[in-house]
Amino acid sequence: MLQLQKGIISLFRKVTTSLPPDVEAAIKDAAGIEADQSARSELLTVLNNVQSARSDKTPICEDTGVPFFYVSAPKGMSHIELRKTIMEATRAATEKIPLPSYSVDPLSGENTQDNTGAGIPVIHIEETGDAKLTIELMLLGTSSENLGRMYSLPDDSLGAGMDLEGIALAVMDAVKRAGGSGCPPYIIGVGLGPTRDQAAWLSKQQLRRKLDDENPVRELRELENSLLVKINELGIGPKMKGGSTTALGIKIGLNHRHPRAAYLDISLLCWNTRRGKLIW
């Protein structure tokens, strides 16, 4: 467990100081085709900042957000020990990298100073048939996380039903409401399920997907592609500079729903999408 703790600390360092290759490639591609000069300049600034953070081994953004762990553990591995190791690694990473601490007691207002507390970091562990232990880390920044929205479908105010057209209307509404407040270009996760908590979980799951993957469900793949085009036609752009780069990708996952209701959750990540994986 001590060696695993060191591995998680290294994962923290990698995730905070560099972008995933698929996200960085998407920003480069966007900068290459962006016709608006102001928007293109902002994208190039982003790429320069990413390169500097990687070279200097410093966090890309001062808001390192909430650590969010997805763990796939082999049968027989103690989930209690895994949680304990992740908590200890989070405390050590906060001190060694170093990271600012964003874990605050809701009653006293006191900061724990080590990015741990009740419910922080967020840790999800599931058993897998694989012999490998896989730990995925995502840092959820405040600016974009605050802009996430939950919809109960049907939604009469939007004219959104419990179908793909209704999902599209809700997604467009959420992005318009977010505007440029969450540091676009965004990556958008969409989840629909029979309960609010399941929809929220499913939307976060979509953010684990790489930008260049393809949804195996044809209807959802087509909806993702069409929505990305429509979102980039809104003209919000990086730092609200306009142009055609409001989002880098959108990923949609659907679960079965109740006949009379469905809950749709929409999660946003800013361009500084910090995620990484450790396979043990």
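These legends accompany close-up views of a predicted model, taking in a charged surface patch, aromatic pairs and salt bridges.

**View 1. A patch of positive charge on the surface brings together K6, R13, K57 and K96.** Let us begin on the outside, where these four residues gather. One of them, K6, belongs to helix α1, which covers residues 2–17. K6 counts as partly exposed because its relative accessibility is 44%, a value between the 20% and 50% cut-offs for buried and exposed.

**View 2. F12 and F69 meet edge-to-face as an aromatic pair.** The model holds 3 aromatic pairs, and here is one of them. The ring centres of F12 and F69 are 5.8 Å apart, and their planes make an angle of 70°. Which elements does this pair tie together? F12 sits in helix α1 and F69 in strand β1 (residues 66–74), so the contact joins parts that are 57 residues apart in sequence. Both F12 and F69 are buried.

**View 3. Y70 and W201 form a tilted aromatic pair.** Their centres lie 5.6 Å from each other, with 45° between the planes. This pair, too, links distant parts of the chain: Y70 is in strand β1, while W201 is in helix α7 (residues 196–206), 131 residues apart. Is Y70 buried or exposed? Y70 counts as buried because its relative accessibility is 4%, whereas W201 is partly exposed at 28% relative accessible area. If you widen the view a little, F68 comes in as well: F68, Y70 and W201 make up one aromatic cluster.

**View 4. A salt bridge connects the side chains of E24 and R54.** We turn now to charged pairs. A search of the whole structure gives 11 salt bridges, and this one has an N to O distance of 2.5 Å. E24 comes from helix α2 (residues 21–33) and R54 from helix α3 (residues 37–56); the two are 30 residues apart, and their pair links distant parts of the chain. How do the partners fare for accessibility? E24 has a relative accessible area of 11% and is therefore buried. R54, at 25%, is partly exposed.

**View 5. Within helix α8, E222 forms a salt bridge with R218.** The closest N and O atoms of E222 and R218 are 3.3 Å apart. Where do the two residues lie? Both belong to helix α8 (residues 218–232), with a spacing of 4 residues, about one turn of the helix. E222 is partly exposed, having a relative accessible area of 45%, and R218 is also partly exposed, with a relative accessibility of 44%.

**View 6. R209, D213, E224 and K251 are joined into one network.** What joins these residues? The links are salt bridges that share partners. A salt bridge between the side chains of D213 and R209 is worth a look, with N and O 2.9 Å apart. D213 counts as partly exposed because its relative accessibility is 28%. R209, by contrast, is buried, with a relative accessible area of 15%, which falls under the 20% cut-off.

How values were computed: Residues numbered from 1 in each chain as written. Predicted model: local features only at pLDDT ≥ 70, side-chain atom pairs only at ≥ 80, totals over all residues. Heavy atoms only, no water. Patch = residues over 30% accessible without salt bridge, like charges linked within 9 Å, V, L, I, M, F, W, Y side chains within 5 Å. Areas by Shrake-Rupley, 256 points an atom, 1.4 Å probe, with all protein chains shown as cover. Lys, Arg positive; Asp, Glu negative; His and termini not counted. Charge placed at Lys NZ, Arg CZ, Asp CG, Glu CD. Buried < 20%, exposed > 50% of the residue type's maximum accessible area, 1.4 Å probe, protein only. Phe/Tyr/Trp six-rings, centres within 6.5 Å; stacked < 30°, edge-to-face > 60°.
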